[in-house]
Amino acid sequence: MKHVLHVHGMHCKACVLVIESELRENPKISSAHASLKGHSVEIQGEFGDMPLESIARELSRILLKHGYSLEVVRQIRGKKWGDFKVAVPAAIGFLAAFVLLQKAGIVNLVNAGTVTYGTAFLIGIIASLSTCMAVVGGLVLSMSATFAKEGDRVRPQILFHGGRLVSFFVLGGVIGAIGGAFTLNATAIFVLNLLIGAVMLVLGINLLDVFHFAKRFQLTTPKFISRHALGVSKLNHTLTPLLVGIATFFLPCGFTQSMQLYALATGGFSSGALTMLAFAVGTLPVLALISFSSFSIRNGVKAGIFFKTAGLVVMAFAAFNLINGFVVIGLIPPVFDF
Amino acid sequence: MKSTVISIAITVIMIGGVFMLVRSGSEQSGVLPADNVTVADGRQIVELRAKGGYLPEMSVAKAGMPTILRLETSGTFDCSSSVRIRGMDVSRSLPPSGTTDIDLGSPEPGTLRGSCGMGMYPFEIVFEK
């Protein structure tokens with residue numbers, strides 16, 4: 001017997017694999033084919049004369065731990081334009097606070113001529129509130145909100161922040177020991193800016209949950225890779241945040257780069273490592289706050305508003321990064337001036 | 001809702017705390033003398049203060065004269081510590097504190113535009129005949 005059931009809570013390519021592999025383990029099912037496009041799963045198996053509703057209920061129990069449920073009726077995917085009534089002012093408020101902070105001269109608060117671990121920590125706090133927030137914070141927000149939307153709240157965040165702290169410690173030590181920095185030239189920074197801007201723009205659009213066409217470009221590992229990986233969807237949710245966390249060491253942020261130059265001048269593994277670690281720990285409170293803002297959101301009425309606000313903020317940061325990238329290579333005259 | 005309020009409160013306290021903590025240090029005035037362009041021994045020196053942007057943002061200098069761009073830093077860790085000048089292929093990292101001289105050669109009349117490495121702090125020097 002062939003049945004088609006509608007899947008509620010399906011977002012990603014990896015969901016297809018999780019649903020299929022879970023369902024196939026059920027002895028009653030001989031084959032299962034999930035479709036992301038139709039948000040449905042086609043199953044074949046022996047259910048006797050069970051009504052479709054009971055089948056859906058029984059199989060939902062297997063999938064519930066992953067955050068999916070099977071229903072007979074199609075989920076009404078309301079775009080909830082009403083959410084924007086709150087999301088737009090909230091996003092504007094957040095961005096206004098961000099601009100105000102820059103105008104108030106937050107970066108001028110650093111007065112230290114010499115760097116101790118304490119000042120490195122303090123500089124970290126200031127860096128996390130500076131325009132670097134548009135790069136690193138924007139990336140954190142887009143990533144954590146995207147993972148939260150897929151139902152994975154805690155682990156990706158911990159992996160990201162853990163990866164960031166460890167990479168700052170290790171790479172800081174390396175540049176201190178070898179006495180050479182990983183400075184990027186103008187072209188590399190431009191390419192990075194472009195890449196980060198593009199990724200953030202796509203994630204931001206996805207978070208708005210209005211244009212479904214952008215789903216195709218989601219931050220996922222291709223299906224043919226994840227199919228061969230052991231933990232099906234685990235790869236995407238483990239490796240991505242970890243790698244992004246490590247990569248933040250190289251992201252274009254003035255503070256990170258001058259701290260690296262300082263760490264390089266310290267001329268030793270431990271002093272370089274500890275300086276960069278102190279800096280990264282300084283950036284942690286604000287970044288953690290950003291990433292765990294999506295942590296508190298449960299699938300309630302507020303979730304839609306939160307994801308739309310996050311999407312708008314992420315898109316604004318993406319535009320900021322892209323425009324600045326074009327300014328640096330001289331393609332357009334300076335736009336922002338803080 | 002409760003956690004939202006708590007998060008906002010923590011943010012405000014943290015930002016306020018940083019301002020309080022560091023404000024207690026001496027607040028330097030961000031004003032440079034109006035004539036930041038000086039000529040000595042046939043060389044023209046354009047002085048800029050680099051911290052949270054470049055001051056003054058616009059300078060006027062003479063064209064066709066050996067020119068040095070002197071950048072002063074004091075506790076500069078932000079973007080302004082990495083200077084880029086378009087069209088001249090200048091890309092320098094400044095020390096947190098000190099002065100850095102960049103040789104601009106003898107510029108043609110026109111406007112030289114520079115910015116920090118990430119592009120949000122611009123400055124320009126107008127070279128006049």
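Two residues are in contact here if their C-beta atoms, placed from the backbone, lie within 7 Å. With that in hand, take chain A of this predicted model: among its contacts between residues at least 6 apart in sequence, 77% join residues at least 24 apart. Chain A has 338 residues, of which 45% count as buried, and its secondary structure comes to 12 helices and 4 strands.

**The sheet of chain A**

The open sheet in chain A is built from 4 strands in the order S2-S3-S1-S4, with antiparallel pairing. Strand S2 (29-35) and strand S4 (69-71) of chain A stand at the edges with a single partner strand each, so one side of each has no neighbour in the sheet. From one strand to the next, the twist averages 35°. Helix H2 (residues 52-63) of chain A packs on this sheet, where it touches S1 and S4 of chain A, and its direction makes about 170° with that of S4(A).

Looking inside the sheet, strand S1 (residues 2-8) and strand S3 (residues 40-45) of chain A are joined in the antiparallel sense over 5 bridges. Val4(A) stands opposite Glu42(A) in S3(A). The loop between S2 and S3 of chain A holds His39(A). This histidine has 18 C-beta neighbours inside 10 Å and therefore counts as partly exposed. His39(A) and Val7(A) are 32 residues apart in sequence, yet their C-alpha atoms are 5.4 Å apart in space.

**Helix H10 and the core around it**

Helix H10 (residues 254-266) of chain A is a good place to pause. At 1.5 Å a residue, its 13 residues should span 18 Å, and the end C-alpha atoms are 19 Å apart, which agrees. Is this helix enclosed or open? Because 11 of the 13 residues of H10(A) are buried, the helix is largely enclosed by the rest of the structure. Among the buried ones are Phe255(A), Met259(A), Tyr262(A) and Leu264(A). The buried residues of H10(A) pack against helix H4 (117-129), helix H5 (132-149), helix H6 (154-178) and helix H11 (269-293) of chain A, together with S6 and S9 of chain B. Just after H10(A), Gly267(A) takes a positive phi of about 70°.

Met259(A) shows this packing residue by residue. Leaving aside neighbours within four places in sequence, Met259(A) is in contact with Ala120(A), Ile123(A), Thr275(A), Met276(A), Phe279(A) and Phe77(B). The largest nonpolar core has 69 residues, and those touching the most other members are Ile123(A), Ile126(A), Val136(A), Met259(A), Met276(A) and Val314(A). Helices of chain A that each supply at least two residues of this core include H4, H10, H11 and helix H12 (301-328). H5(A) gives the most, with 12 residues. Apart from this core lies another, of 23 residues, among them Ile85(B), Cys116(B), Tyr121(B) and Phe123(B).

**Where the chains meet**

The contact between the chains takes 37 residues from chain B and 39 residues from chain A. On the chain B side, helix H1 (2-23), strand S6 (82-85), strand S7 (90-93) and strand S9 (110-116) each supply at least two residues. H1(B) provides the largest share of that side, 9 residues. By character, the chain B side divides into 14 nonpolar, 19 polar and 4 charged residues.

**Local details in chain B**

In a regular strand the side chains alternate between the two faces of the sheet. Strand S4 (residues 58-62) of chain B follows this pattern: Ser59(B) and Ala61(B) point to one face and are buried, while Met58(B), Val60(B) and Lys62(B) point to the other and are not. S4(B) and strand S10 (residues 122-128) of chain B run parallel, joined by 5 bridges. Ala61(B) stands opposite Phe127(B) in S10(B).

Pro56(B) lies in the loop between strand S3 (54-55) and S4 of chain B. Asp41(B) lies in the loop between strand S1 (37-40) and strand S2 (43-50) of chain B, and is exposed, with 6 other C-beta atoms within 10 Å.

The table gathers some backbone angles.

| Place | Angle | Value |
|---|---|---|
| Gly267(A) | phi | about 70° |
| Asp41(B) | phi | near 55° |
| Leu55(B) to Pro56(B), cis peptide bond | omega | near -10° |

Technical notes. Residues are numbered from 1 along each chain as its sequence is written. Chains are lettered from A and ligands numbered from 1 in the order in which they are written. This is a predicted model: local features need pLDDT of at least 70, side-chain atom pairs count only at pLDDT 80 or more; totals for chains, interfaces and linings use all residues. A residue is buried if 20 or more other C-beta atoms lie within 10 Å of its own, exposed if 12 or fewer, and partly exposed in between; C-beta atoms are placed from the backbone. Ala, Val, Leu, Ile, Met, Phe, Trp, Tyr, Cys and Pro count as nonpolar, Asp, Glu, Lys and Arg as charged, and the others, Gly among them, as polar. Two strands pair if DSSP finds at least two bridges between them. Axes are lines fitted to C-alpha atoms, for helices over the stretch in contact, and angles run from 0 to 180 degrees between N-to-C directions. The expected span of a helix is 1.5 Å times one less than its number of residues. A nonpolar core is a set of buried Ala, Val, Leu, Ile, Met, Phe, Trp, Tyr and Cys residues joined through C-beta atoms within 7 Å.
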